[in-house]
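The following exercises are to be worked through with the sequence and the model side by side. Each task is followed by a solution in steps.

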Amino acid sequence: MAATTRTNNELMRKAKIAEATATDPIEKLRAACLRRGANGIQGLGRLFKIIDDDGSRSINFPEFKKAIDEYGLGFAKPEIEAMYKAFDTDNSGTIDFDEFLMALRPKMSKFRVDIINRAFEKSDKTADGKINMEDLKGVYNAKKHPKFLSGEWTEDQVFKQFLDTFDTKGQEDGTISKDEFTNYYCGVSASIDNDAYFDLMMRSAWKL
């Protein structure tokens with residue numbers, strides 16, 4: 001289930017406060033991403049993938065700064081340098097992409113990580129590491145979407161809208177990778193304090 005307007009608004013409200021008070025560079029970048037809503041971290045992650053031209057899954061400082069600037073987070077160069085240094089823990093001059101995402105994602109309990117993984121595995125019917133429109137059918141519950149309930153959209157339109165949430169303009173591929181799925185639901189999780197409610201939401205959305 002895509003984050004509701006209420007959930008997104010609550011997430012953005014919390015993130016705005018967190019960004020204003022954060023002193024740790026990683027926390028500041030995390031809050032700036034979440035200020036954009038549940039797909040904020042996922043959007044930055046996808047941008048890094050695009051900028052990683054050689055497919056090395058590592059990020060040097062010019063690539064890091066370019067991504068932060070292009071994402072429009074409004075940080076000055078000294079702030080970006082402090083963020084990069086915080087991620088480059090071994091002072092190698094590059095950041096491993098997977099380690100970067102793990103550090104940037106809001107912390108989650110094992111309980112929440114497990115249910116996110118279960119939802120992805122159930123949806124990835126072909127076990128190719130990606131979810132597409134056909135995978136969603138019969139797994140993702142579109143019937144509770146407000147526009148489906150009002151008769152404005154068909155189930156396929158709800159599926160497309162959900163997939164569009166994960167796409168970057170100009171780089172649309174209509175699929176969701178495991179990283180993108182996890183990044184998105186980390187954002188949703190950050191707006192929900194109660195484990196039981198998060199569990200109910202995921203079970204309802206993904207028919208677990």
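**Exercise 1.** Determine which residues L29 is in contact with, leaving aside its neighbours within four places in sequence.

*Solution.* Contact means heavy atoms within 4.5 Å. By this criterion, L29 touches L44, F64, I68, L73, F75, M83, F87, F100 and L104. This is a predicted model, in which local features need pLDDT of at least 70 and side-chain atom pairs count only at pLDDT 80 or more, while totals for chains, interfaces and linings use all residues. Residues are numbered from 1 along each chain as its sequence is written, and side-chain values use heavy atoms, with hydrogens and water left out.

**Exercise 2.** State whether L29 is buried or exposed, and why.

*Solution.* Buried means under 20% relative accessible area, exposed over 50%, and partly exposed in between (1.4 Å probe, protein chains only). L29 counts as buried because its relative accessibility is 0%.

**Exercise 3.** Place L29 in its helix and find how many residues of that helix are buried.

*Solution.* Helices are DSSP runs (H or I, at least four residues), numbered from the N terminus. L29 belongs to helix 2. Seven of the ten residues of helix 2 are buried, namely I26, L29, R30, A31, A32, C33 and L34. These buried residues pack against helix 1, helix 3 (40-51), helix 4, helix 5 (77-87), helix 6 and helix 11.

**Exercise 4.** Describe the aromatic pair that F64 and F100 form.

*Solution.* Rings of Phe, Tyr and Trp (its six-membered ring) pair if their centres lie within 6.5 Å; planes under 30 degrees apart count as stacked, over 60 as edge-to-face and the rest as tilted. The structure holds 16 aromatic pairs. In the pair of F64 and F100, the centres are 6.1 Å apart and the planes stand at 90°, which is edge-to-face. The pair links distant parts of the chain, with F64 in helix 4 (residues 61-70) and F100 in helix 6 (residues 97-104), 36 residues apart. Both F64 and F100 are buried.

**Exercise 5.** Identify which residues ring pairs link into a cluster.

*Solution.* The cluster consists of F120, Y140, F159, F162, F181, Y184, Y185 and W206, linked by ring pairs.

**Exercise 6.** Find how far the charged end of R36 is from the centre of the ring of Y71.

*Solution.* A charge sits over a ring if NZ of Lys or CZ of Arg is within 6 Å of the ring centre and within 35 degrees of the ring normal. The charged end of R36 sits over the ring of Y71, at 4.1 Å from its centre.

Key:
Helix = DSSP H or I, 4+ residues; strand = E, 2+ residues; numbered from the N terminus.
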